[in-house]
Amino acid sequence: MKNRVPFNRRQFIKGVGATAVLLQLPVWQSCKPTIYKGILSADNQFVINNVLQILFPSKPGPDIYDIKVEKHLNNYLTDPLIDPDEQQFIINGIGWIRETAQEKFENDFLLLSRKQQEKLIKFILSKPWGENWVSKLLTILFEAMLLDPVYGINTHEIGWRFLHHVPGKPRPENYNKYPEILQRKNENIIITDLKQL
Amino acid sequence: MKLSDKIFDVCVVGSGAGAGPVIYELSKAGYKVVVLEKGPWYRTKDFSKDEMTATRRSVYTPNLKDEPQVIEDLNEQGNWEARSTYETGRDFWNGNCVGGSSNFMSGYFARFKPVDFKLLSTYGEIKGANIADWPIDYYDLEPYYEKVERIVGISGKVIKHRFAEPRSTPDFPYPPLQENIVSKWIDQAAKSLGVQTIPMPRAILSQKKGDRNACYYSNFCGSYGCSSDAKGSSRVSLIHEALKTGNCAVIPNAKVYHLETNGKFTVKKAWYYNAIGQKQYIKAKIFVVAAQAVETSRLLLMSKNKEFEQGLANNNKQVGKNLIFSAGGVGGGDLYYDDLSPDIARELARPGVFVNRTVQDYYELTDPDTGKKIKGGTVDFLFEHANPVSKAIRQKWNDKGNLRYGETLKKHLKNYFTGLRKLKFEIFVDWLPTDNCFVSLDCNIKDKWNDPVARIRVGYHPHDLKVAGIISEKAKQILSKIGARNVYAGISGAPPNNLQAGGCRFGNDPATSVLDKYCKAHEVNNLYITDGSFMPTGGSLTYTWTIYANSFRVADVIKSVL
Ligand SMILES: Cc1cc2nc3c(=O)[nH]c(=O)nc-3n(C[C@H](O)[C@H](O)[C@H](O)COP(=O)(O)OP(=O)(O)OC[C@H]3O[C@@H](n4cnc5c(N)ncnc54)[C@H](O)[C@@H]3O)c2cc1C
Ligand code: SF4
């Protein structure tokens, strides 16, 4: 039923000679980003915003700020039900792109020109980890653009309007959106009457 | 009185399509029924058209980290390779909540045809396939197909055609649902090719029925719970009615892990974990399992007892064998609004109303290699699902397999979402049962309760691809005739996770079947299985109407023995 694109845990490995998942073997320790209470550090947020802008420029249609992708990314990274390896992969990718920036341009990603950043993205797309990472970021962008604004994203339905998408009714409300709806999984009850529902 | 002190007449494991009719019939007949359902109770008002809860996160299904399964597939070297679904994200769960997957089905309903009960005697053996005739025939099930039409509620229109099933009533109790303009185009295109189209029956109410409202064409049906109760889920069409009798108790968040026998081939207790992880049990005179094919076999295999060392009802080592799926391939084509006048384009873009067209002219085919008659299959036409995130995700990659991004991506999305509507088709062939499609227990991987998870080998027979290939060519012709562009088809032996059957086939011989013709386990005095597990072969259609009908049939059997 779920049409999440299948992934493969092996894709979470950078694969440049390293055979262990980076979570366990932090080879790129120097610029391995850290999460502060689930929120990215300012410079890593800056890096990822730059990448997202290249993947999803301001024209045509909404830009990354209209769809509040930063908020969605933070929700994603702190969602207890998203697989921690998937979350860490997003974080690791930031480290890897900064690492690659050093290798290719001898400079921190933060200091590259937009043209250089674009070149770098083109370059990482030729690497399995880069392609997977960008693919995941695109999914996060699509979610921010096309899920219900009840999640604090897709502001004023701007993504839906851009693609002429007509949402189905009823729309989710606070009590039945994710993750609130998961509460029902903890109910220890016996139902013997319809009135109980 | 404590729940565990009570002896119920019937304890039902699961509450989906296979369970609902038994729960409904026995409660109505005055028997005391208890239902143990692994998932929570989502009420109608809990459902919304929220893609996040419906498909983007594991809300209606378990988190794969907590409850993985293991899929065994052939790798490139031709060896079976087992991988956890937690590793691959390839999810085989469908709907774990009261009503099961029937809450989320699209409700494309089709009766099996007389020939589907006699595949072996009609077309003969196929090497490498374990085909068997059913121990009952179409006429044993016909009254129950009719009952499903009335009680669950099926809308449609009967028309005469070569493979039409015999019926005891002239037409459906509910008229067909509204259709998109494209349905007419399919009819015309097919007619010009000498092919007959049939309106697809749906387990969706086109008119109000009791407490349930008619369909309001929400445009988000498959994968979504229904907010009008028009969809014939087991929850609203059967369990709600059962609760009204006062004879039925449903325990949600109750995961059954063991069926205990008394040393005399009789089940006495169903052991389950409740919502807070405590081990509990229920006693009953009769036990009915309907946990969907894979999990039903798993539960039996896990229920090792003194007299069943290899798992309940498995002394003949048949449990889990001959798992089948309903599949064959998919295809589609793009209908561009620019090719049409603005008025017609608007009609085509109209959301909500259905396509509801199927072709069954290919139910029997001639084998191009041998010239012999072989079993064919069905094609049904439908629009691409309106889920926007999933739709966008499918547009990530260009024809060369490279990721789109930047302005190119945004322009492409704009054109795709606003410039065309994709018309798809699905092919259903008889998925031949083989020794390479079965359920066992994984030796290493455990779920969050520390129980072994199901290991599912998903091999298929090459004959399935041959049949699907022939049918897909014909379906493509219809799409091209309509004027669709980019017409394609993908034939595949990949099993769809949501259409599962087999694993505990019924038959007259205990050496080759788990259940007798009444779906009682040969080896156990009081155990019945009423989901799709009983099917030795699965027709060339979706299964759920047949699951519902058979469960009504077994309910009558249980009434007669209680
Ligand atoms: C998105 C989607 C679309 C579909 N569309 C169609 C369609 O168009 N046409 C069609 O014919 N079919 C369709 N189906 C398939 C249809 O839903 C199933 O065939 C049908 O529901 C199967 O009935 P079942 O009783 O075997 O399983 P389910 O309805 O899934 O019920 C099984 C129940 O058992 C519970 N369970 C499992 N293990 C345990 C345990 N150990 N203890 C207690 N409870 C347990 C589960 O939580 C579940 O509620 C669709 C399914 C999905 C998901
Ligand atoms: S209202 Fe109609 S289209 Fe929507 S979920 Fe219910 S049955 Fe399906």
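This briefing covers chain A, selected residues and elements of chain B, the surroundings of ligand 2, and the empty spaces in the structure. The model is predicted. Chain A has six helices and two strands, and 51% of its 197 residues count as buried. The structure holds five cavities of 30 Å³ or more, and its second largest pocket has a volume of about 450 Å³.

**Chain A: overall make-up**

- Along the sequence, the two strands and six helices of chain A follow the pattern β-β-α-α-α-α-α-α.
- Among contacts in chain A with a separation of 6 or more, 61% join residues 24 or more positions apart.
- The exposed area of chain A is about 9200 Å², of which carbon and sulfur atoms supply 54%.

**Chain A: the segment after α6**

- P170(A) sits in the segment after α6 (158-162) of chain A, and the peptide bond leading to it from K169(A) is cis, with omega near 0 degrees.
- P179(A) also belongs to the segment after α6; here the peptide bond from Y178(A) is cis, with omega near 5 degrees.
- H164(A), found in the segment after α6 as well, is not a glycine but has a positive phi, near 55 degrees.
- With a relative accessible area of 55%, H164(A) is exposed, because the cut-off for exposed is over 50%.

**Chain B: a covered helix and three loop residues**

- Helix α8 (residues 293-302) of chain B is mostly covered, with ten of its ten residues buried.
- The buried residues of α8(B) include A293(B), E295(B), R298(B) and M302(B).
- D46(B) lies in the loop between β2 (33-36) and α2 (51-56) of chain B.
- The relative accessibility of D46(B) is 2%, so it counts as buried.
- Leaving aside residues up to four places away in sequence, D46(B) touches Y175(A), N176(A), I181(A) and R184(A) of chain A, together with W41(B).
- N253(B) is placed in the loop between β6 (248-251) and β7 (255-261) of chain B, and has a positive phi of about 55 degrees although it is not a glycine.
- N253(B) counts as buried because its relative accessibility is 7%, under the 20% cut-off.
- K127(B) is in the loop between α4 (119-123) and α5 (138-153) of chain B, and is exposed at a relative accessible area of 80%.
- K127(B) and N253(B) are 126 residues apart along the chain, and their C-alpha atoms are separated by 44 Å.

**Ligand 2**

- The residues around ligand 2 are K49(B), I204(B), C215(B), Y216(B), S218(B), F220(B), C221(B), C226(B), S228(B), K231(B) and F354(B).
- This shell is made up of seven nonpolar, two polar and two charged residues.

**Pocket and cavities**

- The volume of the second largest pocket is about 450 Å³.
- Among the 25 residues lining this pocket, those closest to its centre are K185(A), E67(B), N253(B), K448(B) and W449(B).
- The pocket lining divides into nine nonpolar, ten polar and six charged residues.
- The largest cavity contains about 90 Å³ of space.
- Of the 14 residues lining the largest cavity, L146(A), W160(A), H165(A), K49(B) and E51(B) are the closest to its centre.
- By class, the cavity lining has seven nonpolar, two polar and five charged residues.
- K49(B) is one of the residues closest to the centre of the largest cavity and is also one of those surrounding ligand 2.

Methods
Residues numbered from 1 in each chain as written. Chains lettered and ligands numbered in written order. Predicted model: local features only at pLDDT ≥ 70, side-chain atom pairs only at ≥ 80, totals over all residues. Heavy atoms only, no water. Buried < 20%, exposed > 50% of the residue type's maximum accessible area, 1.4 Å probe, protein only. Helix = DSSP H or I, 4+ residues; strand = E, 2+ residues; numbered from the N terminus. Contact = heavy atoms within 4.5 Å. Areas by Shrake-Rupley, 256 points an atom, 1.4 Å probe, with all protein chains shown as cover. Near = heavy atom within 4 Å. Nonpolar A, V, L, I, M, F, W, Y, C, P; charged D, E, K, R; others polar. 1 Å grid on protein atoms, 1.4 Å probe; cavity = no way out; pocket = protein on both sides within 12 Å on 5 of 7 lines; lining within 4 Å. Points joined across faces, edges and corners; volume = space filled by probe spheres on them.
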